[in-house]
Amino acid sequence: MKMKRNLLLLLIPLMFTCQTSLAQQPAAQGDKVSLVHGAHRTGRRTDAAMARWRAYGLGQFIHWGLYSIPGGEWDGKTYNGAAEWIRSWDGITKSAYDSLIYHFNPVKFDATAWAAAAQQMGAKYVTITTKHHDGFCLWPSKYTSYTVASSPYKKDLIKPLVDAYNKAGIDVILYFSIMDWSNPDWRYDIKTKDDSIAFERFKKFTRNQLLELLERYPTTKGLWFDGTWDNAWVKQAAFADELETEMRKMRPGLIIGSRFRADENGKRHFDTNGQLMGDYEQGWERKIPNTITEVHGNDWDCVMTVPENQWGYNAAWKGHIKTTDELLEMLAKCVSLDGNFVLNFGPKGDGSIRKEELSLAREIGDWMAVNQEAIYGCEYAGLEPQNWGYFTKKTGTDKIYMLVFNVPVSGALRVKLPVQTSISKAYRLGQPAQTFVPEEIQASESFIHLKTTSEKHPFVIVLETAKKTENPKVKYEKAKT
Ligand code: FHN
């Protein structure tokens, strides 16, 4: 008995260590622990800024920095990791990487052209790397010389991007990596007094840079944090909490996801009581929930790469490259489960965007031009999922959208609506003359019969619904078993 207790005492700290390094899951509901630095809100934010974020549907991610110059290759050798992590590879020395700053001269950079491509794709927001893990800043930060100001290009890159995207009607969110390999005060953990002194300096530096960004780019809608998983930062619950409050005060409405801070027990994303920390769940990187129960009623976004795991420019995209239809299906699935879908672009070191990404953006945009009504301002429809695709619902209306990706051989698409609801009108988006007469097969269950089963691309059928007055029990008999 005593041995068992001792074993348990040994295991408890181990369990906590593992939890902080793994993807966090909501804690089981039980007795609530009193927390000072846990979630400060239960449930979703209800203000206008968050409602705007929720309605975006589609976003663009941009990873751009010094790593975009080598593009995953160095000295004729290929780095197998993610191109933006190349500095951590022993195939390149740190000093060689850091001296890339003297070659950073993106003469082909055209903020207006980037924004135009994003706008045509249908992105409602963009998340831009102001500074990735290497610490190189795309803005001329006052707090380090490792910025674009020290490169041959010299000029701020964030300002023209913010201006051009805002002009194109696209909201800007700034990506910021807390982990900073360029700063000698950065620590993965704090084990000694010296670590502690250095990290105090690092915290001050981080705060300065964040306030500087919010000061310089006042239209910023949110901050997308990354590189927050190491112990040194996880231990800073009080500091991070205060800083978050300070930033929110400075820019009311600011949107910050669940990656920024840990609670006093080192729990990330979800606090010790299982409550989401921050405004939306930031754990859906290159993955999408399968069911609505997995999102626990929270806001969330999914950030996605075109190849398997390459964010920064990689000259030799390897493995499976996602197609337009695959990406559209991900977009549809995210919106159908109350999330936003954010597609990553990795521009080259010279400032141009690779042709494959531009062509994906164009094709997604062509589809969005016809079908955007089923994406923007849409949410989980509350209907039983069907194999042909995804349902979305226009927030605050009775309009349901069927985003069809797999046409059954029968050409009959099953729809189950809530009881006492009927379809008053069904038509195809972009082709309103193509209407459908639903065949009711059960109470509130119908088939939409397609006119052809040879569709080549995903399409959308709009269902206008209305409440029924007749009693379904009269018409359909239940089986006696
Ligand atoms: O390590 C980074 C990675 O390079 C990339 O920036 C992604 C984007 O979500 N975030 C990190 C891993 O979570």
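User: What is buried area, and how much is there between domain 1 and domain 2?

Analyst: Buried area is the accessible area (1.4 Å probe) that two parts lose on being put together, summed over both. In this predicted model, local features need pLDDT of at least 70 and side-chain atom pairs count only at pLDDT 80 or more, while totals for chains, interfaces and linings use all residues. Residues are numbered from 1 along each chain as its sequence is written, and side-chain values use heavy atoms, without hydrogens and water. Between domain 1 and domain 2 about 1300 Å² is buried, with 58% of that from carbon and sulfur atoms. On the side of domain 1, Glu 329, Glu 373 and Ala 374 lose the most area to domain 2, together 40% of what that side buries.

User: Where do the domains lie in the sequence?

Analyst: Domain bounds come from an automatic or database domain assignment. Domain 1 covers 43–376 and domain 2 covers 381–467. For contact (heavy atoms within 4.5 Å), domain 1 supplies 14 residues and domain 2 supplies 16 residues.

User: Which side chains meet in a salt bridge?

Analyst: A salt bridge is a side-chain nitrogen of Lys or Arg within 4 Å of a carboxyl oxygen of Asp or Glu. The count between the two domains is 1 salt bridge. Lys 399 and Glu 373 form a salt bridge through their side chains, at 3.2 Å from N to O.

User: Which helix gives the most to the side of domain 1 that touches domain 2?

Analyst: Helices are DSSP runs (H or I, at least four residues), numbered from the N terminus. α9 (324–336) and α10 (355–371) each supply at least two residues of that side. α9 gives the most, with 7 residues.
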